[in-house]
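Q: Please go through this model and explain the terms used to describe it. Each answer should give the reasoning behind the term.

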Amino acid sequence: MKLLLCKSHVFVHPSTTASENVQGFILVTCDANRPLHEAQLHWVPENSLNQNQIDELMRCDSKLGMPPAAATAASLLSAATNLNDGVLLDTSGAYLSFSLPIASLFSIEFRPPSTSGWWFGSIVLHRRQGAHGGTLPVLFFHDNVCPSTMQKKRDLNKNFDPFTQGEMYWGGIDLRIVVSQIVDLQRTAADNNMWLVNATLDDLRNFSSGDLPSETNLAAEGSGSGSKGSKDNAPGFWDKLEAARWSIMSGIASATSKTERAMASLVSNHPVVKLVEKNQDNPYVAKLLRNPKVQEIQDDFDSARIYLAKWSLGVTEEANKYKLDHQLNASYRQLLTKDLGYNVDTDADFTEEELNRAMQRNFPLTQQKWDSFFDAQGRLQVTVHEVKDFIFHGGVDSMALRQQVWLFLLDVYPWDSSRDERAQIDATLEEVYTQHKAQWGHRTSGRAHSADSGSGEDDSEYWKDQEFRIEKDVKRNDRSVDIYKYNTPNGLAPESQPRSAMDGVAPKIEDGDDDNDGDDDDDDSTNGHWTIRNPHLIVLSNILKTYNSFSPNLGYVQGMTDLLSPIYYIMRDETKAFWCFVHFMDRMERNFLRDQSGIRDQMLTLTELCQLMLPQLSAHLDKCDSSNLFFCFRMLLVWFKREFAFDDICGIWEVLLTDFYSSQFQLFFMLAILQKNSKPIIENLDQFDQVIKYFNDLHNTMDWRDIAIRSELLFVRFEKMMALMERQEELQTDQADQAMVIDGDNESVQQGTVPLPQGKRLPIHSPLLQQLLSKKMVIQREETRTTDSVR
Amino acid sequence: MSSRKKNILKVIILGDSGVGKTSLMHRYVNDKYSQQYKATIGADFLTKEVNIDNDKVATMQVWDTAGQERFQSLGVAFYRGADCCVLVYDVTNTKSFQNIKSWRDEFLVHANVSTPETFPFVLLGNKIDADDSKKVVSNKAAQELAASLGNIPVFFTSAKTAINVDTAFQEIARSALQQNQNDADAFEDDFNDAINIQLDNDTNSCSC
C-alpha cells in the first residue's frame, strides 16, 4: 500500500464542545498494483492507533504533508512511501473512521479558515448518488498544531510574493493538491468552495453560473429539482448551493433593474468597446478612406482596403477578447445573438440552453477525467456521446492525453474495446505496418515491379516520382515546430550536437541578403538536395511512403504532409501515427481525388449553406466574382492547418473529429470564419483577388474558440431552419390536399401561410444540405489509378 | 470600385511542384529567401510596383500556384486576365523540364486569352546555384525549347542567391505591359469597331 498524503491534526467535531473533538489523520493511499485513479481517502482517529503507529504517521506528516502546488501524478507516486496495512486494519472499525475511493465522491467542499483564526478550515465530503454509507463527518484542519502545515506556512512566508493573488494557504489545500492529481477536480462557479469530482458535463454546466440563466431556466430547475437524488444525501449542500445561486441571481437582477444604465455605461466606456461601438457603422474606416493620403494609396492600389478590412476586424477581435477576459458573458452573448441570430423567424432563435452549451468551453478533458471513464478492464463505462461532448466542447487538456484519446477519435481503437483487446490491436497493427513498410523499401531498393498495381517502366517511374515528391514536401513542412526544426540525427539544435554528429553537416550557405528572416538557420545545403537526418522527419517520410503504397490508387498528394504532421507530433510513434493517419485519410480522401469532386462537393455545399445562412455575404461575394468560394479551398483541403497555430490545430481537429453534430462540421467551422469576417469583407472588398488575398492572410488572426462557438450556433440555427422549412412545407402540402378536397370555396384556402414559390427548389430539398445533418462520415474513394491518370 | 485596374499587370507562375515558384515570387517581391516555404495550396499572389524601362510605372500582381497537377482544375479561375505566364523548371530535375510544354498548353486551354499565338510566356530555369554535378538540364536544351515555343525569352535563375531574378522579372514586366496594352488597344478597337461599323469597315486591329 502506497501512502501519497498524510496530514496530522485533522479533527472531527462531534459536538460543539471542544473537549469532545476527536483528533486523527487524513491519509491518501493507493494499492501498489492499481492505477492511481483508484486511490482511497481515509480518516483514522489517533485514539485507535498505538504509539508506534502514531510516531510513524507523524513522520509521514512531515514528509508527505506538504506536497508542492505543482505536484503531478508522477511526482506524487515517486514521493510516496509504503504504508503498513496494519494502520488501516486496526482502525477500520473505530468510531468515526472511514475509508472510501476518492472517485466515489461527488464533490468536496473546501472551507478555508477565517482570516482572524475564529474558526478552523474544514472539508465536507459528499458521496456520489447511490454510493453506500451514511453521511461523512466534517473534517477540521487544526493548522496551528499541525507540523507540516506550520512548516509550509513558514516556507511560504519566506518566499512571500505580493503579486501572486493566490488564495490563502491552509491544510486543506494540501489535500486538494493531491486529490486533483487523482481525480478531475473542478471548482464550481456558483460556490467557490465547492469542487466537483469527475463531474459529468451536465453537472459542470449546471454548476457554472458564469452564464446568466434566464428566468425560464430557473423555473424549470425549480420544478425539476426533486429529480436530483443527491439532495437526500446532503440536504445542507443543496440548500446552500441553491441559496448561493439565488443570491447571485437576485444580485444581478437588482443590478440590472436599478442600475442598468450604470452597468451599460461601465461596459461602453471602456476605450476598446467604444472603438468597436463606433466601428459598427465603420466611421473610422470611412473617415480613413476619406483621408486624401489613404485615398492616394487606394488609387495606386487597393491593398489599403485589405489592410483596413483587417484592421477593423482586429479592433473587433480586441473588443471581444476584452469581453471574454472580463467575463462579460452577457455582452458576448448579445454579440453572438446579434451576429448569428439576425433575420430569422423567432422560432429559430437560440435558447438560453443552446447559448450556454456553446459558450461554455472551460471544461477540457483531463487525464483524471479520462481515467475515470474506464472500468477495471479498461472498457469505457460512460457513453461515447458523453466523451465526445467533453471533447467537442472543451477539447483535450494536454498533448500527452491526446496520445491516448486520438487513437479512439480516429477509430484505431474501437470505443468499446478493453485494455487487453487494445494490446492485441497494437500487436497486429505493428505487424501489418512492418509488412507494408517493407513493400516500398523493397521497391526503392531496385526490384521495381510490384505484382498488385501493374508494372512496367511508367509504373516504376510513378513510384520514384511519388517518393521524390514526398521527400521534397517533408523537408519543407512545419519546420518551425520544435521536433522538426533541426536536421540533426537527434533532432536537437546543432549547438547541442556532439562533435561527431556535426561532421556530416554541410556548411551554412551565404544568403546574400541582409534582412534574413532568421528562421532559415538550417544546416541544409543547396536547393533541397540534402539528406533528411532529423529522426522525426524521417518518420514522416516513412509513413507517407508506406501510405503511398498502402493506398495505391490515391497515393501521396500534396497537403497530406500537413495532415500527418500534427498526428505524428501527438503520437510520437511510427506505427500508431501511421494507422491514425490511415483512418484520418478515410475521411479526408475525398479532399484529394484526381477529379477534385470531393472538395468541389464541399465547396458547393458551403455555397448553398452560405446562401441560406449568410445571404448578405453571399450576395456580396457574388458581386466580387467569388461565389465559387475558391478562397476557401486551402482551409477545407487541410482543415485550416495553414490558418491557425500548430497547437490550435490539434484543438480544432479534435472538435471536428468527434462528428458531434455533423460529420462535415468543418463546413460549419468554415462558415463561422466567413461569418466572422463578413462585415469587413462586405464593407471593404469588392474584387476576386482582394478576397483571395484577404483569406490567404488570415493566419494567426482568429481566436479559434470564438470560431468554434460560432460554428456550433450556426449549426444549431441551420438545423432549426431546416426543421422549420420542413414543417412549413408539410403544412402547405396538407392545405393543398385540403384544397383539392374542398375545391370550390377556395377563398378560404391558404390563409395564414405564404405559398411556396412554385418550381423553386427549397433548401430542404438540397441533398448537399441534407447531408450536413448526418453524423455518418462521408467517404469518397479514388478510382483505380492507370498509367495516364492525373498526378 | 473607382480607379481600379489601372495598370495592374497580372503574371502567373506555373511549373512542377518544388521547382521554386514561391521562392522566386518572394525573392522578386520582397528580396527574401527561405528554405521553408510550405508546398503551396490553392493560389496566392504578391504585388510589387515596377518601373519599366525607367519610363512606365505599373503594379505587378505575381500569382503563385500549386504545382501538383490535380489541383489545377479548380484553380483556373485565377488564370483569367493574365498578362504574362512564367514557366519554371528546376535545372536539377529533368521531369520538371519535360513538363514545361504541358504547363503551357494547360494555361492556354484555361486562360482563354485573346491571341494564344502571341501571348507572352517567359521560361525560367531555376536553381542554377546548385552544384554542376546536380544539373541535368543543359542551357542549350532550354534555349531549344524556348525557340520551339515561339522564341520566348529564357532566363537561368537562382531564387536562393538572387541570380538573374530581377533581370528576368524586368522582362516579364515588359512583356506583361505590352500584352496589357495590346489587350486594351484591342478592346478600344473593338469598341470603335462597334461604333464605326456602319460608317466604314476597313479597320483591322493587331498592333503586334
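Q: What makes a residue count as one that B:Val86 touches?
A: This is a predicted model, and two residues are in contact if their C-beta atoms lie within 7 Å. Leaving aside residues up to four places away in sequence, B:Val86 touches B:Val11, B:Ile12, B:Ile13, B:Val122, B:Leu124 and B:Ile172.

Q: Which residues have the most contacts inside the largest nonpolar core?
A: They are A:Cys580, A:Phe581, A:Leu671, B:Val11 and B:Val86, in a core of 215 residues. Members of such a core must be buried, with 20 or more other C-beta atoms within 10 Å of their own. In soluble globular proteins, nonpolar side chains tend to be buried together.

Q: How many of the residues in chain B are buried?
A: Of the 208 residues in chain B, 46% are buried. Chain B has 6 helices and 6 strands, in the order β-α-β-β-α-β-α-α-β-α-β-α.

Q: Why is α26(A) called oblique to α30(A)?
A: The axes of α26 (residues 597-613) and α30 (residues 665-684), both of chain A, come within 10 Å and cross at roughly 50°. Angles under 35 degrees count as roughly parallel and 65 to 115 as roughly perpendicular; roughly 50° falls in neither range, so α26(A) is oblique to α30(A). The crossing is right-handed.

Q: What makes up the contact between α26(A) and α30(A)?
A: Residues of α26(A) in the contact include A:Gln602 and A:Thr605, and those of α30(A) include A:Leu667 and A:Leu671. The contact residues divide into 8 nonpolar, 2 polar and no charged.

Technical notes
Residues numbered from 1 in each chain as written. Chains lettered and ligands numbered in written order. Predicted model: local features only at pLDDT ≥ 70, side-chain atom pairs only at ≥ 80, totals over all residues. Axes fitted to C-alpha atoms, helices over the stretch in contact; angles between N-to-C directions. Helix = DSSP H or I, 4+ residues; strand = E, 2+ residues; numbered from the N terminus. Parallel < 35°, antiparallel > 145°, perpendicular 65-115°, else oblique. Left-handed = near helix turned anticlockwise from the far one by under 90°. Nonpolar A, V, L, I, M, F, W, Y, C, P; charged D, E, K, R; others polar. Core = buried A, V, L, I, M, F, W, Y, C linked by C-beta atoms within 7 Å. Buried ≥ 20, exposed ≤ 12 C-beta atoms within 10 Å, placed from the backbone.
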